Amino acid sequence: MCGFFGVIGSDQPACHEIYEALVCLQHRGQDAAGIVTHDERFHLKKGNGLVRDVFRMKNMERLTGNAGIGQVRYPTFGGSTNEDAQPFVVNYPYGIAMAHNGNVTNGEEVQDWLSTQKRTILHSSCDVELILFTLAVELSEIGGLEPDHDSIFKAIANVFDRVKGAYSVSALISRFGMVAFRDPNGIRPMVMGYRDNEDGSRSWACASENIPLEIQGYKGIENVNAGEAIIFVPGEEPVRKQLVDRPHNPCIFEHVYFARPDSVLDDVSVYESRRQLGRNLGERWKKLGHHVDVVIPVPDSACTAASTMASTIGVEYREGLVKNRYIGRTFIMPGQGARTSGVRRKLNAIRSEFEGKDVLLVDDSVVRGTTSKQIVELARSAGARKVYFASCSPPVQFPCVYGVDMSTRSELIARDKSEQQIAEAIGADAMVYQTVDGLREALQTAGSNLNYCAACFDGKYPTPDVTSETLEAIETCRLDEQQKISESHTAETTG
Ligand code: SF4
């Protein structure tokens, strides 16, 4: 998962507010960060690491201009090298800079098409380059010497046609303006808003979540629609165009895990949906009839649901696990080795909350089971008598091809196991999962009537291009990537 923020028309150097926005979006990826700004030309700084580690004062001074885009990334299709960090810039036909959140599902097909276009040499394995070069090629065909609104909309419509998958994109077109577009199914989130500048002008921004806009004084924050493109030119009202009309299928897992609890995604409060997830889970738990003394969340994303689950089953909610907030989210770290060591470094148990008690741990999800197993061990070593485990999301049985690193199907613990078998595998006395219906119902109760993508739970991928062959190809590609990552880790340790 990634996060981005784009701004145009600011009366201040754009890099400062982009930096603030990226800090706000850091939960969406800690692998790399980057900012590109524009005045007479593009200025780019990007690299691996957290936002605070990538940018120094001297970098910020160099990032001049009142328009720019920033991105925080965790790897999906691409790897984790500096070259894969976003944004990317291409010099033709007019100069375009781009950042995105999502994943392209027909990467090979797009690469094949691009290779027939002569002018394109990909510089990385990051799939935003596929979108960027496709837009550049289309614009150079359609746009003539100067880009205008019509040619840009046509070029983006052709991008929607050629590039399949899930992507929310922000791009700067040199000496013209900023464009924002969201894939035809609107799987990945995106919002926009405006701020009135002190000099009477207005700046416009778009982002993966509303919080960076909200805290920086933006108003009129609204969704970018599925299949919509928006052109922002300084000094003018943005021009919006619905380019494709398809069912809107936003990612339901954003509500469970990725988004900040204070975010509102597609007009639904993440906090409210998490509260409802906890109530549903509590109702399921009551039917199992196990005694528990205390409900303890795995911080942070499970806290809201755990508190309503506790009140639903009528036991105390206690914060018995303490998280070191200065270590990256282990789920997001690339490679299994980093994931395993990260859990224990990240969490510690308050012994008095566990000793001699029957404890119900609540986490947002169980993906590979590695993390859950270590947390159960931690609870036992802190003296818990019984350790039960609740997952706010249903069993993850299928890979996500839309930008969430659930990796290969063979790694998913729930692909071939019952609840009881999973409980045994992670060392818990019993466990309870959210149901897919319960998950959908929680979103409805929180105020949504959208048909969410829940493909990682039910295998129903909303984009027609995802077939069993695509899944197989993606699986093979990811296994190759994992192999490369593990080889490079081995080389690093032995080198
Ligand atoms: S497959 Fe799962 S994680 Fe991926 S977009 Fe759909 S709901 Fe979200």
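Start by colouring the two domains of this predicted model: domain 1 takes in residues 3-248, and domain 2 takes in 275-443. If you drop a marker at the centre of each, taken over C-alpha atoms, the two markers sit 35 Å apart.

**The largest core**

Next, show side chains for F253, L360, V362, Y402 and M406. These have the most contacts inside the largest nonpolar core, a set of 51 residues. To see where the core gets its residues, select helix 8 (253-258), helix 9 (270-288), helix 10 (303-313), helix 15 (436-445) and helix 16 (455-458), then add strand 20 (358-363), strand 21 (386-391) and strand 22 (430-433); each of these supplies at least two residues. Give helix 10 its own colour, since with five residues it gives the most to this core. Keep your domain colours on while you look: at least three residues of the core come from domain 1 (3-248), and at least three come from domain 2 (275-443).

Now zoom in on L360. Leaving out residues up to four places away in sequence, what does L360 touch? Pick out W285, V292, V294, V295 and I296, then M309 and I313, and finally Y388, F389 and A390.

**A second core**

Pull back and select F88, M98, V163 and Y167. You're now in another nonpolar core, separate from the one you just left; it has 37 residues, and these four are among them.

**Helix 14**

Move on to helix 14, residues 419-426, and show I422, A423 and I426, which are buried. Why do they end up on the same side of helix 14? Look down the axis: they cover an arc of only 105° around it, so they share one side of the helix. Then bring up what they pack against: helix 13 (370-381), strand 21 and strand 22. You've already met both strands as suppliers of the largest core. Before leaving, click on G427, which follows helix 14 and has a positive phi, near 85°.

**Last stop: I474**

Finally, select helix 17, residues 468-494, and find I474 in it. Is I474 buried or exposed? Its relative accessible area is 14%, and because the cut-off for buried is under 20%, I474 counts as buried. Display its surroundings and you'll find that I474 touches T105 and V401, again skipping residues up to four places away in sequence. To finish, draw a distance from the C-alpha of I474 to that of R415: the two residues are 59 apart along the chain, and those atoms are separated by 17 Å.

Definitions and conventions:
Residues numbered from 1 in each chain as written. Predicted model: local features only at pLDDT ≥ 70, side-chain atom pairs only at ≥ 80, totals over all residues. Heavy atoms only, no water. Core = buried A, V, L, I, M, F, W, Y, C linked by side-chain atoms within 4.5 Å. Buried < 20%, exposed > 50% of the residue type's maximum accessible area, 1.4 Å probe, protein only. Helix = DSSP H or I, 4+ residues; strand = E, 2+ residues; numbered from the N terminus. Domains from an automatic or database assignment. Contact = heavy atoms within 4.5 Å. Arc of directions from axis to C-beta.
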